[in-house]
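Q: I am new to this structure and would like a close look at one part of it. Could you walk me through the surroundings of the ligand, step by step?

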Amino acid sequence: MIVLRNLVKRYGAVTAVDGLNLEIRSGEVVALLGPNGAGKSTTIDLLLGLARPDEGSATLFGMPPATAIARGKVGALLQSGGLLPDLTVAEIVELTASLHGKARPVPEVLRRAGIADLAKRRIAGLSGGQQQRVRFAMALVADPELIVLDEPTTGLDPEARRAFWSAMHEETAQGRTVLFATHYLDEADAYADRIVFMRAGKVVADGTASQIKGLAAGRTIRATLPGADLAALAALPGVDQAEGRGEAVLLTCHDSAAALRALLAATDARDIEVTGRGLEDAFVALTLEGAAA
Ligand SMILES: Nc1ncnc2c1ncn2[C@@H]1O[C@H](COP(=O)(O)OP(=O)(O)OP(=O)(O)O)[C@@H](O)[C@H]1O
Ligand SMILES: [Mg+2]
């Protein structure tokens, strides 16, 4: 559905996208994750045909992006712009609908985006989060097969974020393909089948949330063990590091099963908890690794 080959985009001295390759298949829900300036928005601009690549190519549905968009196959929510302040909510969504060959009924789309009660309000008077929902409605109205969202939940309160994602779930349940850019690791973890991690214009990791988490490898064992010998614990099989936390110990492990067996055999540890490291750790690790490289 999306094929990006060796994409390069430069802005003066800045290489915003630096030889990016990415394929996204029909039905996938993909998060484009990365720190500020990683090149997420530029990648989205290139794949929507809003910017021209300096090198490489972007195709949607096997066509040039502009053709796919003209056929109403793509709905997009961009990070900024796109709203005409003097129109009402219903008018701008109707206008967007009229630009596409096929469109969903506007009242249904407004309901879906949670703004049915704002239909007659002017855009200029809406809050940032309300405007974000209008952008979402504009992305949905063309009944697109592919939805591209650049930081869709920026400015939404927690309740609105939940409502947004539950609306998105209904969209993806109908087999739509979704690509969304985000900094929110919890969102990528909760809503994407696949996470593409970008840094400095390149894809540095691509996989399921658990594969990405695995990159910041290992698990942590926490146990109550008063007077623990930390050096001895650090030497147990599977353990990389042992730290004391009051009466508790924290073992960072590359093989938690081996570590757990050894811990139980060698000590009187109790209240044992084993946890995987979160996506947050993976994000920090990948960002730092990239910076070091
Ligand atoms: N129109 C432009 N002119 C000059 N530089 C640009 C332009 N657009 C992007 N850049 C630069 O390209 C790099 C990538 O920017 P981009 O907006 O794609 O990042 P991003 O991953 O979307 O970041 P954020 O998370 O902050 O939205 C940045 O260094 C940015 O300053
Ligand atoms: Mg961006």
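A: Here is a walk around ligand 1, followed by a short look at a few other places in the protein.

Please keep in mind that this is a predicted model. Let us start with the neighbours. There are 14 residues around ligand 1, and those that come nearest are Asn-36, Gly-37, Lys-40, Thr-42 and His-183.

Some of the contacts can be described atom by atom. In the side chain of Asn-36, an N or O atom sits 2.8 Å from an oxygen atom of ligand 1. The backbone takes part as well: a polar backbone atom of Ala-38 is 3.1 Å from a ligand 1 oxygen, and for Gly-39 the distance from a polar backbone atom to an oxygen of ligand 1 is 2.9 Å. Taken on its own, ligand 1 has 640 Å² of accessible area, and the protein covers 63% of that.

Which elements supply this shell? Two or more residues each come from strand 2 (14–24) and from helix 1 (40–47). Helix 1 contributes the most, with three residues. As for chemical character, the shell holds five nonpolar residues, seven polar ones and two charged ones.

One of the nearest residues, Thr-42, deserves a closer look. Thr-42 belongs to helix 1. Its relative accessible area is 12%, which is under the 20% cut-off, so Thr-42 counts as buried. Leaving aside residues up to four places away in sequence, Thr-42 touches Lys-9, Tyr-11, Ala-16 and Val-17.

Now let us step back to the protein as a whole. The domain assignment gives domain 1 (2–214) and domain 2 (218–276). Taken over C-alpha atoms, the centres of domain 1 and domain 2 are 44 Å apart.

Finally, two residues have backbone angles that you may like to find in the structure. Asn-6, in strand 1 (residues 2–11), has a phi near 45°, a positive value in a residue that is not glycine. With a relative accessibility of 46%, Asn-6 is partly exposed. Asp-143 is not a glycine either, and its phi is positive too, at about 55°. You will find Asp-143 in the loop between helix 5 (128–140) and strand 6 (146–150). Asp-143 is also partly exposed, with a relative accessible area of 29%.

Methods
Residues are numbered from 1 along each chain as its sequence is written. Chains are lettered from A and ligands numbered from 1 in the order in which they are written. This is a predicted model: local features need pLDDT of at least 70, side-chain atom pairs count only at pLDDT 80 or more; totals for chains, interfaces and linings use all residues. Side-chain values use heavy atoms; hydrogens and water are left out. A residue is near a molecule or strand if one of its heavy atoms lies within 4 Å of it. A polar contact is a pair of N or O atoms within 3.5 Å; within protein, one must be able to donate a hydrogen and the other to accept it, and residues adjacent in sequence count only if both atoms are side-chain atoms. Accessible areas come from the Shrake-Rupley method with a 1.4 Å probe; for residues, only the protein chains shown count as cover. Helices (H or I, at least four residues) and strands (E, at least two) are DSSP runs, numbered from the N terminus. Ala, Val, Leu, Ile, Met, Phe, Trp, Tyr, Cys and Pro count as nonpolar, Asp, Glu, Lys and Arg as charged, and the others, Gly among them, as polar. Domain bounds come from an automatic or database domain assignment. Buried means under 20% relative accessible area, exposed over 50%, partly exposed in between (1.4 Å probe, protein chains only). Contact means heavy atoms within 4.5 Å.
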